[in-house]
Each structure stands twice: as structure tokens, then as C-alpha cells.
Amino acid sequence: MGRALAVVIWALTLGSVSLFFVKKWWFPTAISSHAPALDRQFLITIIVVGLAFTAAQVGLGYMVWKYRDTGTPGRAKYTHGSSRLEVLWTVITAVIFIGLAVMGQSVWASLHFNQAPPGSFPVEVVAQQFQWNFHYAGRDGVPGRTDPTLIDDSTLNFIGLDEADPNAKDDAVHSVLAIPAGRPVELILRSKDVIHNFFVPQLRFKQDLVPGMAIRVHFTANTPGKYELACAELCGQLHFKMRSFMLVLPEDEHRELTALSQEDFQTRMTELLAKYQLPANN
Amino acid sequence: MATMVTGTRPRTRERGSASPGFPGPGGNGSRKRNGDDPFFHPDSRSNRYRIGVWVALAAIVMMFTALTSAYIVRAASSDDWQALPMPRILAFSTAVILISSATIEAARRKLKADLHSGYTTWLGLTTVLGLAFLVSQLLAWRQLVRQGVYVASHPHSSFFYLLTATHGVHLLGGLFGILYLLLRSRRTETELMRIRTLAAVDAATIYWHFMDALWIYLFLLLFFWR
Amino acid sequence: MSEEHETVHRHPAPTGFIRKYIFSVDHKVIGIQYIMLALVAVVVGMVMSVLMRMNLSWPGTNWPILGTLFPGGAPEGMMTPEFYLSLVTMHGTIMVFFVLTTAPQGGFGNYFLPIQIGAEDMAFPVLNMLSFWVTFVGFVVILTAIFYSGAESTVGPIGGWTGYAPLSALPNSGPGQGMGMNLWIISIAIFCIGSLLGALNFITTLLNMRTRGMSLMRMPLTCWAWFTTAVLALLSFPVLLGGGILLLLDRIALTSFFIPGGLYLSGVLSGTGNFPLHTGGSPILWQHLFWFFGHPEVYIAILPGMGATSHILATFARKPVFGYRAMVFAIFAIGLLGFFVWGHHMFISGMSPYSAMTFSILTLSIGVPSAVKTFNWLGTLWGGRIRFTTAMLFALGFVSLFVAGGITGLVLGQTSLDLPMHDTYFVPAHFHLVMGVASIFGMFAATYFWFPKMFGRFMNEKLGKLHFWITFIGVYCIFVPMHTMGIVGMPRRFAQFTEYEFLATLHPLVVFVSISAIVTVLVQVLFYFNLFWSIFKGEKAPENPWEATTLEWTTTSPPPHDNFAGHLPVVHHGPYEFSVPGAPRDFIMQTDAEAEVTSGNGHDGHGH
């Protein structure tokens with residue numbers, strides 16, 4: 001029985017580890033500036049995790065194989081433990097684990113401990129059940145005034161944009177996020193109703209949109225293309241359908257897009273969405 | 001589970017007789033200092049009431065800590081906070097509950113000194129004061145309602161109703177405990193029952209003092225914080 | 001004096017059926033009641049998980065039987081997304097509260113804590129009865145929540161087991177937020193009260209009722225685990241109760257604790273039409289209150305399993321627990337740190353990024369006592385003479401699964417790695433393995449181990465082992481692939497994965513997981529059959545069938561109403577004196593006054 005259990009434990013360990021090792025199912029190719037560092041941290045962590053997991057399981061299998069009761073005379077080893085060993089493995093694990101936690105902070109700090117760099121492209125994001133609204137400031141770079149009392153879904157004023165505000169004249173609102181490649185982007189995240197979450201797997205980024213709060217985040221996407229955008233916080237019945245796209249456009253194409261008037265903007269977005277393809281599954 | 005009915009018989013022993021299975025204090029049970037259990041003295045088992053009430057208070061403290069942190073966060077993070085005018089009658093509530101702490105303490109001391117009639121009188125007085133406190137709190141609510149201040153009027157009023165109600169429910173629980181003690185106080189007691197009653201009264205007193213202190217705390221939090 | 005006081009605490013065994021089995025104050029009967037409740041609840045939870053897996057793997061398929069059972073949730077056999085989400089919510093709530101909190105603590109803890117410390121009952125037997133029945137009412141209420149179909153809601157509550165506001169706070173935020181949500185909150189509040197009464201009883205019992213010689217450091221590790229669990233429950237459930245009251249007030253008294261102003265839902269602005277005015281509330285406040293409870297809850301679920309595992313490993317390896325003191329400290333360290341890490345559930349919630357950093361470091365520190373426990377379990381096996389009973393197999397399975405599930409916490413606990421991983425399948429994979437399956441393995445081990453004591457008969461070992469092998473392999477097949485789904489980016493709580501192209505590649509994995517889940521669930525029939533068949537037909541068990549050392553094995557199987565038939569045991573030794581050199585047998589009972597043990601936990605505490 002002991003040998004059978006050891007073999008099963010080792011087989012399950014091998015199976016589990018190889019699932020991570022062959023990487024048949026893995027992260028989609030990253031497109032953001034902070035992603036390489038994050039992927040590296042993930043790799044280091046998963047190696048530590050994999051080694052610790054394997055060591056523990058192999059050890060467990062060894063114990064049950066080696067120390068199974070074979071019916072020979074004699075007794076188990078009588079010991080209550082070893083203080084020296086306790087101290088040793090407490091210190092070792094503490095160093096490794098806390099070391100990992102500290103290492104894991106650098107990407108976090110680069111994203112969250114400072115404000116968006118000057119020259120970032122700002123987009124106001126207003127999420128609602130089950131739709132994304134991206135509010136572009138237009139040519140003047142100043143977004144028009146918004147007011148919840150002006151929201152009217154029936155007239156498609158999803159974000160309550162005040163048409164009377166001169167700054168709003170050149171603004172555009174669209175369900176797709178179009179950002180420039182290689183330039184920092186600042187999102188100002190809001191929600192009209194419940195909590196949503198902005199998630200693009202290729203960005204390695206996620207942030208809740210909390211009603212009553214305007215959360216500012218920033219990142220830089222480098223590879224032009226069309227990417228799927230998901231809501232990752234349970235927001236109600238059709239949560240799984242709250243899907244949109246993020247278009248990462250070459251700088252000039254993006255500049256040209258944001259300079260368009262509201263109607264042309266909509267047309268151009270439709271063209272761009274058709275032009276770019278989703279990345280092939282890797 | 002047929003064996004469940006078996007012998008409780010052997011446990012019944014004359015006082016002071018040899019106890020084969022369960023040696024008394026200082027008996028041969030302990031081999032080393034580890035056996036000297038601080039909880040293990042003659043009336044140790046009645047200590048459970050005292051321990052129990054402290055444990056319960058820990059839970060109550062956690063609940064009010066949670067509500068307090070909600071209060072502080074809610075007050076700090078929004079611009080819709082309006083201070084609630086203090087209903088005057090709360091001063092009366094506060095006085096009543098302070099006095100009731102003294103009366104229950106008196107009851108406890110009377111019982112300790114074996115003055116039974118004094119004990120029931122003071123305990124009865126505590127019950128009356130406890131009820132008066134609750135009535136006074138209800139009157140405070142009525143005052144507010146007459147001014148048009150309801151639970152949902154603004155955050156401060158929400159917290160006022162919530163905290164007073166939660167405190168009131170806990171106090172009512174204490175009141176039931178005291179009533180139970182009052183009902184029991186009419187029985188004649190053996191020496192052992194007296195030990196248990198003392199422990200129970202201790203527990204009730206601790207609880208009641210805590211309810212008193214909790215009210216003072218809530219009163220200060222609601223009207224003098226910030 | 002002590003004798004007299006003894007007579008007071010005698011409670012003769014009740015004779016009527018109702019007092020004996022229904023409204024019993026006997027901690028053993030109450031323990032079995034809790035276990036029965038968990039056995040019923042876990043079936044409900046498992047069936048729900050199978051329904052969810054079916055919907056995810058074979059979307060759009062008609063299941064006629066579903067249409068008959070839930071005409072509202074699955075019209076004509078096609079599961080609606082809102083029904084799927086209410087299954088998610090109910091599965092989580094029932095499993096976490098009514099299975100993982102009741103069976104380990106209320107069930108086995110109730111039955112064995114008093115016996116293992118040599119007490120005749122809990123400190124407050126009537127309170128004990130009350131806590132079970134309060135919990136039972138909570139269960140009835142949660143069941144009505146899913147079957148409730150009012151005018152506005154055809155399905156149960158939707159919110160996941162975390163019930164994030166303002167989705168859960170606004171009755172008009174869609175299906176599943178009506179009366180069902182009220183019932184969900186009320187059920188949890190009732191459950192909190194039941195658990196608090198139980199925790200109060202456990203702590204008082206352990207502090208007050210230990211028998212002569214049962215010093216703290218002579219207690220079995222199970223008792224330490226139950227005690228720490230009770231402390232965690234005592235300090236965390238009041239916070240959830242407080243939060244639940246606030247949430248319910250937001251819903252029915254129209255207050256604004258968690259609901260901010262200016263919301264716009266289904267075409268109506270807050271304060272106009274039939275949408276009441278709300279201002280200034282903080283949705284994140286709910287998350288803080290919830291997770292302050294929610295994280296300790298994880299340890300409430302698993303600590304008793306750790307205790308049972310330590311206990312069973314020592315018994316069947318015929319060795320003292322390696323590093324008893326370190327084990328006790330580790331339990332306490334896990335419990336204590338458990339109160340300071342709740343923020344790791346909220347890294348991306350909009351909370352301060354600086355506090356996220358602190359929470360992250362504290363979170364990974366919890367890995368240290370967890371690793372210490374694993375090392376000590378391996379140390380306990382080292383040099384042993386392992387007897388592979390079914391109970392032992394499940395205890396070994398616990399160690400394996402605890403490592404497998406716990407170790408990915410190193411990924412999720414890091415702030416930056418949480419960015420891609422949060423709310424993906426990596427998270428359910430992690431916590432199902434560690435707090436779900438590992439805890440349940442601990443409880444399976446406990447069941448096979450203590451069954452002879454509870455019912456005087458053995459469970460069938462052949463069936464038990466078959467149950468172990470398939471379940472052990474099954475749970476690995478279910479939950480390890482979920483990690484890779486999370487790495488690809490598959491979000492949790494999606495009713496379908498058909499909407500996203502980047503998830504299409506995962507379909508074979510999704511189907512594999514579902515099939516593994518269905519097989520594993522079906523195998524549990526073996527366990528149920530074995531359990532109920534053995535109560536009546538199992539082989540008769542003697543007093544101490546496993547040659548174990550602790551006090552429960554000094555009394556009859558099952559123990560009499562007052563546990564030790566009229567006398568209380570006196571303890572002379574630490575709990576795990578196995579294979580003592582020179583002793584006549586390879587185990588020394590805790591009550592054995594004759595045996596000499598030159599060293600051990602009960603003495604100076606320093607091993608050699």
C-alpha cells in the first residue's frame with residue numbers, strides 16, 4: 001500500500017508539474033511595458049513553487065515508501081523532534097517567502113506608486129451593466145463635463161456628457177478602447193452602477209471600477225493590435241457578456257483617429273476594428 | 001448508542017469520601033508542575049460563567065469595533081455627513097445606566113456577604129433601571145422621529161439608530177439574565193448552588209458593567225468624536 | 001467540595017426520543033447532528049457544482065430534467081446565466097458555511113473536544129444545543145433562498161459567496177438581487193450567531209473543563225486546532241454579522257453604508273423614479289468587513305483538518321508528533337497572522353497600493369508556519385512504521401493536497417502577480433485545493449478514524465480505500481488544470497466561456513475538468529453507502545481499535561452519556577507517546593499511571 005501511494009503521489013506530481021512545464025496553455029503574449037518584469041517575477045515564483053511542491057511531494061512519497069510497516073519486529077524511531085531543525089526550516093522558508101513578496105513589489109510600485117507620466121494619453125472609462133464606455137477628450141485634450149443627472153441610456157448619452165460644455169464639442173464616446181502604442185495611457189475608471197473590472201490578459205493588468213470612485217491607473221501598451229477586453233468582477237446576470245476590445249494603434253494612426261469629429265470617429269473605429277485581427281491563440 | 005444510559009450512579013459520593021477515579025485537589029493525579037492547573041480548584045467548574053462572559057465580551061467588542069470602523073470610514077470618506085442634534089434625553093439614559101452599574105455592584109456585594117434580601121432588592125432595582133434606560137432610548141428615537149430624522153435620513157442618523165439598537169438588544173439580553181437570577185433567587189440554596197449563583201452573578205455584573213461602558217463609549221463616539 | 005460539585009454536573013441520560021436525539025444537550029449527539037447537517041449540505045453543494053460544470057462544458061445543451069426541477073432557472077432544460085450565477089453563489093455559501101465550518105468544528109470538535117480533554121460534556125450544554133439548532137435554521141433559510149421565486153426574482157441570490165456591494169445592496173441591480181438576496185444575508189447572520197455560541201462554548205470548555213493532569217501542552221493537537229478555530233470564529237464572525245446588518249439595512253431601510261450617490265441602473269437615476277436616493281456610501285467598506293471575516297474563515301475551515309491530520313499521522317506512523325511545540329506555535333501563528341492579511345483579496349479593489357504592499361508581505365509570511373507544519377508532518381512519518389488504514393491514507397492525502405493548494409498562495413499573495421491572476425480560475429483552483437478539498441480530506445480521515453468510537457463499528461476498509469484512490473486522483477485532475485486556465489486568463493463566475501476567443505483554446509481542459517468532477521462526485525456515493533451501511537452492519541469495534549493513546553480511546557465505543565461512565569480520567573502523559581523504548585507496548589495511553597516516560601511533551605517540552 002505504501003509503495004502504491006508513493007507511486008501515485010509521484011505520478012500526480014509529475015503530471016501537475018508537466019502541465020506547467022509544457023506551457024501548452026499559458027499566458028498570451030504580453031504587450032505592455034511592465035509585463036516582461038511581471039512575467040519574469042511569475043517565472044521565478046512558479047519555479048520556487050514548483051521546486052517546493054516537488055520536494056514536498058517526493059519527500060512524502062519517500063516517507064510512505066520507506067517507512068511502511070513491513071511486519072518485521074522492532075519499533076518506530078522514538079523522537080519528539082529537533083529544535084535545531086525547526087529553527088533551520090523556519091528561517092529558510094521565511095527568507096524565501098518574504099524575499100519573494102519583496103521582489104514582487106517592484107512591478108506593483110512602478111504601476112501604482114507614482115502618477116501617470118506627463119504626456120500620457122487620458123481616457124475616461126465609465127462601465128455599466130454590461131457595457132464599456134470610453135470617453136475620449138478629442139482634439140483639445142480636455143474632456144467635456146459629465147454629470148450623472150444627464151445620463152440617459154435611451155438617447156445613448158451613457159456617460160452623462162454635457163453637450164452644452166464647449167469642451168465636450170470634440171469629445172467622442174465609444175465602447176472600444178483605442179490607445180496609442182508606445183505611449184503611456186492614463187485611465188480614469190468609474191462605474192455607473194456596480195463594481196466592474198477592467199481586464200486585458202495581454203496587458204497583465206486588472207483594476208476594479210468602483211461606483212463612487214474615480215480610480216486613476218496608467219500603463220503603456222507597445223504592440224499594435226486588437227485585444228479582447230473582459231469584465232473580471234461579477235457584475236450581474238450578463239457579466240460573462242461584458243466584452244469589448246482594446247485597440248492599440250500606431251501613434252500616427254491613433255493621432256489621426258482622435259482628431260476626428262464625433263461622427264467620423266465612429267466610422268473610423270468600425271474600420272479599424274475590421275482592420276486589426278485578434279491575436280492567434282498561442 | 002444504547003450504552004448512553006449507563007452509570008452516572010458511581011459519581012454520587014458522600015462528601016469527603018475517597019474518590020477512586022477522580023482525585024481531589026492536590027491528589028495523585030499530577031506528576032509534575034504541568035499538572036498544576038490554575039483553573040483546577042474546588043469551585044473551578046463554576047468559573048465557566050466568568051470565563052464564558054469574558055469570551056462573549058470579546059465577541060461583542062469585535063462587533064462594535066467593526067461598526068466603529070465603518071462609522072469612522074463612512075464619516076471620513078464622504079461629503080454627505082450631517083451632524084445629528086443630540087436628543088436631550090440621552091443625558092438621562094446615561095445617568096440611569098451609570099446608576100444601574102452601582103446597583104448591580106451593590107447586589108453582588110450583598111450576595112457575597114450572604115445578605116439575601118439586600119441582594120434581591122438591589123437586583124430588582126437594577127432591572128427597573130435597565131428597563132428605564134431602554135424606555136429612555138426609545139423616547140430618544142421618538143424625539144428624532146418627531147423632528148423628521150429617520151434611519152435613512154443621513155449617515156449619522158443611520159449609525160445612531162443602528163448603534164443604539166444593537167446596544168439595546170445586547171442590554172436586553174443582560175436584562176433577561178438578571179431577571180433569570182431574580183427568579184432563581186427565591187429558591188433555597190445548598191452551599192454548592194451558592195457558589196454557582198455567585199459565579200453567575202459575577203458574570204452578570206461583568207456583563208452589565210460592560211454594557212454601561214459600551215454605552216458611554218457609543219455616546220462619546222456618536223456625539224463628541226470629530 | 002469537589003465531589004459535591006461533581007454531583008451537580010451529573011445529567012442523567014435522557015430517555016425520550018426527542019430529548020435524546022433531537023433536542024439533545026449531549027455534545028456527542030450534537031456533534032453527530034452537525035455532521036449530518038454537513039453531510040446533507042455537501043450533497044446539495046456538490047450537485048450544484050456538477051450542474052455548473054455541465055453548463056460550462058456543454059453550453060447550450062438541453063437537460064430536460066433540469067427544466068423539470070427548475071422551471072424558472074432552466075426553462076426547457078437550458079440553464080440561464082442568472083441561474084448559473086445563483087448556483088455559484090449557493091455552492092460557495094453552502095460549502096464554506098454549512099460544510100467547512102460545521103463538520104470540522106461543530107461536528108468532530110463537538111464530539112471529541114470534551115472527550116479528549118476528559119470532560120463529561122461541554123461547559124454550556126444547553127447553549128450547545130442552541131447553537132446547532134440556530135445553525136440548522138440558517139441552513140433552512142439558505143435553502144429557501146434558492147427556491148424562492150417572487151415576482152421580481154426567479155432565481156436565488158447572485159453575488160458569489162462574497163456578496164460584493166453595491167450589486168448585493170441594490171434590489172434593482174438585476175435578477176438575483178430580490179428577496180433571495182435578503183434571505184442569503186439573513187441566513188448568514190443566523191449562521192454567525194450559531195457559530196458564535198459554539199465558539200464561546202468551545203473556548204470556555206477548553207479553558208475550564210480539562211481533567212486533572214491535562215495541562216495545555218498535554219492536549220492532543222486536535223484540541224489546539226479546535227481551540228484556535230474557536231478563537232478565530234469568535235473574533236471574526238461578529239465582524240461579518242455587523243457587515244451583514246449594514247448590508248441588510250442598505251437593502252430594506254434604504255440607508256447608504258455601501259451605496260454611493262449618483263448611481264444609474266436600468267435607465268433610472270438614484271433618487272428618481274422608483275430608485276431610492278443613496279449618497280456617499282463606500283463599496284470598499286463592505287469588502288474590508290467581509291474579508292476581515294473571510295480570511296480567518298479560511299483557517300476556520302482548515303485548522304481542524306490540520307489537527308486531525310497530525311493526530312492520525314502520529315497514531316498510524318506509531319511515532320510521537322514531530323515538534324509538538326512547533327506545531328502548537330504554528331497553529332497559533334497561522335491564526336494570528338490570519339487576521340492581518342485580509343487585504344490580499346483586495347489588491348485591485350481600489351484600496352491604497354501602499355497598504356497592499358504590507359498585506360502582501362504579511363500574506364507570504366503565513367506560508368512560513370504552514371511550511372513548518374508540513375515539515376513536521378514529514379518528520380512525524382520519518383522513521384515510523386506506517387499502517388495504511390483508510391484514515392491514514394486520507395491524512396496523507398491531506399498533506400499532499402495542503403501542499404499542492406497552499407503553495408500557489410505564493411503566487412496570489414504577491415501584489416504584482418495578482419494583476420493577471422486576480423479573479424481568474426487560478427484563484428478557485430488555489431482555494432478549492434487548500435481550504436476545500438484538503439479540509440474535506442481531513443474530515444474523511446477523521447470520519448474513518450473516529451467512526452469506530454462514535455458507532456462501535458468499523459467502516460469497511462476495502463470500500464474506504466477505493467473511495468480514497470479515486471477521490472485523491474480525481475481532485476488533482478479537477479483542480480490542477482484550473483491553475484493553467486487561470487494563467488491563460490479565464491475569469492471566474494462566467495456563465496459561459498463562448499463569448500471570448502482567447503478562451504476557446506481551453507475548451508478541452510474545461511471538459512476534462514468537468515468529467516473528472518462528475519466521476520469524483522459519483523464516487524462519493526461509495527462513502528455515503530459505507531457510512532450508513534457500517535452504522536448498522538459494520539464489523540464490531542473494540543474500545544481502542546487503532547492502539548491510540550488519547551482519552552477518547554479509554555472509554556467504551558460509543559462512549560456513555562457522561563463520556564467516562566462516572567469517573568473522570570487522570571492524565572499522566574503527553575498525547576502521542578508511541579514506540580517508547582522499553583515500554584511493554586508500542587503505545588502508552590495518556591491515562592497510564594504505571595508507565596515511565598523519561599521525556600516527552602508532557603514534561604520539559606524539549607525533544608531530543
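Which residue in E9(A) stands opposite A:Phe198? In this predicted model, where local features need pLDDT of at least 70, side-chain atom pairs count only at pLDDT 80 or more, and totals for chains, interfaces and linings use all residues, the partner turns out to be A:Cys231. Residues are numbered from 1 along each chain as its sequence is written, while chains are lettered from A and ligands numbered from 1 in the order in which they are written.

A:Phe198 sits in strand E6 of chain A (residues 196–200); helices (H or I, at least four residues) and strands (E, at least two) are DSSP runs, numbered from the N terminus. E6(A) runs antiparallel to strand E9 (residues 225–231) of chain A, and 2 bridges join them; for two strands to pair, DSSP has to find at least two bridges between them. On top of that, E6(A) pairs with strand E7 (residues 205–209) of chain A, again in the antiparallel sense, over 5 bridges. One of the residues involved is A:Val200, whose bridge partner in E7(A) is A:Phe205. E6(A) and E7(A) make up a hairpin with 4 residues between them, and A:Arg204 in the turn has a positive phi of about 55°.

E6(A) is also mostly covered, with 5 of its 5 residues buried (buried: 20 or more other C-beta atoms within 10 Å of the residue's own; exposed: 12 or fewer; partly exposed: in between; C-beta atoms are placed from the backbone). A:His196, A:Phe198 and A:Val200 point one way, A:Asn197 and A:Phe199 the other, and all are buried.

Elsewhere in chain A, 5 strands line up as an open sheet of mixed pairing, in the order E3-E2-E1-E5-E8. Its edges are E3 (172–174) and E8 (215–220), each pairing on one side only. On average, neighbouring strands of this sheet are turned by 25° against each other, direction ignored. Strand E5 (residues 184–191) and E8(A) pair in the antiparallel sense over 6 bridges, with A:Leu187 having A:Val217 as its bridge partner in E8(A).

Over in chain C, helix H13 (residues 390–406) packs on helix H17 (residues 461–488) at about 10°, with the axes 9 Å apart. Axes are lines fitted to C-alpha atoms, for helices over the stretch in contact, and angles run from 0 to 180 degrees between N-to-C directions. The two helices are therefore roughly parallel (under 35 degrees; over 145 is roughly antiparallel, 65 to 115 roughly perpendicular, the rest oblique). The residues of this contact divide into 6 nonpolar, 3 polar and 2 charged (nonpolar: Ala, Val, Leu, Ile, Met, Phe, Trp, Tyr, Cys and Pro; charged: Asp, Glu, Lys and Arg; polar: the others, Gly among them).
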